[in-house]
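Hi everyone, thanks for coming. I'd like to walk you through one small set of slides today, so please have a look at the sequence and the model on the screen.

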Amino acid sequence: TDLLEEEQDTRNFAFASLIASRELPHGHIIESSDVEPRRPFVGDFSARDARVIVGYKTLKPIRKGEHLMRIHLCPSK
């Protein structure tokens with residue numbers, strides 16, 4: 001079936017995982033601008049988790065473009 005443009009945007013977002021949008025040093029507190037969605041979904045956090053991980057602290061440096069994993073982050077809330 002053909003998808004409408006609006007439906008494709010939703011589908012792309014739904015099947016994306018979060019990556020670091022820039023280099024994140026050890027001990028950095030995650031802000032919304034630090035992450036972005038990227039397909040395919042291969043990390044531990046889906047694009048829908050973007051708001052959830054804001055405020056988490058990095059446990060190690062994370063390279064720009066690296067998929068975020070649970071072992072990278074510690075809730076600091």
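Before I read out the fold, one word on terms: helices and strands here are DSSP runs, with at least four residues for a helix and at least two for a strand, numbered from the N terminus. Please also keep in mind that this is a predicted model.

With that in place, the order of elements along the sequence is α-β-β-α-β-β. That gives two helices and four strands. The protein has 77 residues, and 30% of them are buried. About 5200 Å² is exposed, with carbon and sulfur atoms supplying 54% of that area. If you take the contacts between residues at least 6 apart in sequence, 59% of them join residues at least 24 apart.

Let's go inside. Which residues make up the largest nonpolar core? There are 11 of them: L18, A20, L24, I30, V35, F45, I53, Y56, I62, L68 and L73. A20 shows how distant parts of the sequence come together: leaving aside neighbours within four places, A20 touches D34, then I62, R63, K64, G65 and E66, and also L68. F45 is interesting for another reason, since the charged end of R70 sits over its ring, 5.3 Å from the centre. And how many aromatic pairs does the structure hold? Zero.

Next to A20 in your sequence view, please find S21, in the loop between β1 (17-20) and β2 (35-38). Is S21 buried or exposed? Its relative accessible area is 16%, so S21 counts as buried. The S21 side chain reaches the backbone oxygen of S33 at 2.6 Å. Beyond its neighbours within four places, S21 has contacts with S33, D34, V35, E36 and K64.

Now to T58, which belongs to strand β3. Why do we call T58 buried? Because its relative accessibility is 1%, and the cut-off for buried is under 20%. The side chain of T58 makes two links to backbone atoms: one to the oxygen of P25 at 2.6 Å, and one to the nitrogen of G27 at 2.9 Å. Setting aside neighbours within four places, the contacts of T58 include L24, P25, H26, G27, H28 and I30, along with H72 and L73. Two of those names, L24 and I30, you heard a moment ago in the core list.

My last stop is the loop between β3 (57-58) and β4 (73-74), where H67 is found. H67 has a relative accessible area of 22%, so this residue is partly exposed. H67 and I19 are 48 residues apart along the chain, yet their C-alpha atoms are separated by 4.2 Å. The side chain of H67 also makes a polar contact with the side chain of S17, at 3.3 Å. Apart from neighbours within four places, H67 is in contact with S17, L18 and I19, with P40, V42 and G43, and with H72.

M69 lies in that loop between β3 and β4 too. With 27% relative accessibility, M69 is partly exposed. How far apart are M69 and I19 in space, C-alpha to C-alpha? The distance is 9.1 Å, for a pair 50 residues apart in sequence. Neighbours within four places aside, M69 touches G43, D44 and F45, and F45 is the residue whose ring lies under the charged end of R70.

That's my tour, and I'm happy to go back to any slide.

Technical notes: Residues are numbered from 1 along each chain as its sequence is written. This is a predicted model: local features need pLDDT of at least 70, side-chain atom pairs count only at pLDDT 80 or more; totals for chains, interfaces and linings use all residues. Side-chain values use heavy atoms; hydrogens and water are left out. A nonpolar core is a set of buried Ala, Val, Leu, Ile, Met, Phe, Trp, Tyr and Cys residues joined through side-chain atoms within 4.5 Å. Buried means under 20% relative accessible area, exposed over 50%, partly exposed in between (1.4 Å probe, protein chains only). Contact means heavy atoms within 4.5 Å. Rings of Phe, Tyr and Trp (its six-membered ring) pair if their centres lie within 6.5 Å; planes under 30 degrees apart count as stacked, over 60 as edge-to-face and the rest as tilted. A charge sits over a ring if NZ of Lys or CZ of Arg is within 6 Å of the ring centre and within 35 degrees of the ring normal. A polar contact is a pair of N or O atoms within 3.5 Å; within protein, one must be able to donate a hydrogen and the other to accept it, and residues adjacent in sequence count only if both atoms are side-chain atoms. Accessible areas come from the Shrake-Rupley method with a 1.4 Å probe; for residues, only the protein chains shown count as cover.
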